[in-house]
Amino acid sequence: MLHSRKPPADNPRKTPAKKQASLAGKNSGHSAGKPPRKIAVISDTHGLLREEAVDALRGSDLIIHAGDVGDPKILEALGQISPVVAVRGNVDTAEWAKSLPETAAVEAGAVHIYVLHDSNALDLDAKAAGFHIVVSGHSHKPGRSERNGVVYINPGSAGPRRFRLPITVARLDLGATPWRVEFVDLEQGEE
């Protein structure tokens, strides 16, 4: 049974974004019907898509953008690399951004990923809801942690520099055991 603090109608594992993500995985450049294994994670582009980010995301089966996109052209460009699942961030207030969901549930085979912009807004028990990974952005600080058997990933910011924080994206390899999370510093190469 699925448990969350949201009413059943808002169950994140049954959202249109989940269907979009499932279809994205089936329609990506890898073999038909196989779930995405190499997932690129980007966030906080704030209207700037660096060529280094594009290069770091190539070869992915799926790209997750964890919000603060800033310009719809970024999602179009990312879609030229691989299927994209994106959520709306706090700076995504223009008319075009209203079509982006606030959260998304991604199925990558047996792995369930919950995506939102700000992890402080997480209003469900990820483990009880059946999620293995939670992806968020907002803080601009790259990081990976694990709590209660759930992996939490923040790819950091790939957009304009904020303070002295690095400019990063993340690559998630679901084919490795345990799952491998690699952060790529877009100014220094891999971390």
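Helices here are DSSP runs of at least four residues and strands are DSSP runs of at least two, both numbered from the N terminus. With that in hand, we can walk through this model, which is a predicted one. Reading along the sequence, you meet the pattern α-β-α-β-α-β-β-β-β-β-β-β-β-β. Put as a tally, that comes to three helices and eleven strands.

A few overall figures help to set the scene. The protein has 191 residues, and 50% of them count as buried. Its accessible surface comes to about 9400 Å², with 49% of that belonging to carbon and sulfur atoms. Now take the contacts between residues at least 6 apart in sequence: 47% of these join residues at least 24 apart.

Let's start the tour with Ser 60, in the loop between helix H2 (51-57) and strand E2 (62-65). Ser 60 has a relative accessible area of 12%, so it counts as buried, since the cut-off for that label is under 20%. A polar atom of its side chain lies 2.7 Å from the backbone oxygen of Leu 57. If you set aside residues up to four places away in sequence, Ser 60 touches Lys 38, Ala 40 and Ser 82.

Carry on past E2 and you come to Asp 68, in the loop that runs from E2 to helix H3 (72-79). The backbone does something to look out for here: phi of Asp 68 is near 60 degrees, a positive value in a residue other than glycine. Asp 68 is also buried, because its relative accessibility is 2%.

Next stop is Ala 86, which belongs to strand E3 (residues 84-86). Its relative accessible area is 8%, so Ala 86 is buried too. Which residues does Ala 86 contact, leaving aside its neighbours within four places in sequence? They are His 65, Leu 75, Leu 100 and Pro 101. You can also look across to Val 115: the C-alpha atoms of Ala 86 and Val 115 are separated by 8.2 Å, while the two residues are 29 apart along the chain.

Now for the aromatic rings. Searching the whole structure turns up one aromatic pair. Its members are Tyr 114 and Phe 131, whose rings are 5.0 Å apart centre to centre, with 55 degrees between the planes. Why is this pair called tilted? Because stacked needs planes under 30 degrees apart and edge-to-face needs over 60, and tilted covers the rest. The pair links distant parts of the chain, with Tyr 114 in strand E5 (residues 111-116) and Phe 131, 17 residues away, in the loop between E5 and strand E6 (133-135). Both partners are buried: Tyr 114 has a relative accessibility of 1%, and Phe 131 has one of 3%.

Further on there is a hairpin to trace. Strand E7 (residues 143-147) pairs with strand E8 (residues 150-154) in the antiparallel sense, over five bridges. Arg 147 has Val 150 in E8 as its bridge partner. The charged end of Arg 147 sits over the ring of Tyr 152, 3.8 Å from the ring centre. Two residues lie between the strands of this hairpin, and Asn 148 takes a positive phi near 55 degrees. Is Asn 148 buried or exposed? At 54% relative accessibility, Asn 148 counts as exposed.

The last stop is Pro 178, in the loop between strand E9 (168-173) and strand E10 (180-185). Look at the peptide bond from Thr 177 to Pro 178: it is cis, with omega near -5 degrees.

How values were computed
Residues numbered from 1 in each chain as written. Predicted model: local features only at pLDDT ≥ 70, side-chain atom pairs only at ≥ 80, totals over all residues. Heavy atoms only, no water. Phe/Tyr/Trp six-rings, centres within 6.5 Å; stacked < 30°, edge-to-face > 60°. Buried < 20%, exposed > 50% of the residue type's maximum accessible area, 1.4 Å probe, protein only. Lys NZ or Arg CZ within 6 Å of the ring centre and 35° of its normal. Contact = heavy atoms within 4.5 Å. Areas by Shrake-Rupley, 256 points an atom, 1.4 Å probe, with all protein chains shown as cover. Polar contact = N/O pair within 3.5 Å; in protein donor to acceptor, adjacent residues only side chain to side chain. Pairing = 2+ DSSP bridges.
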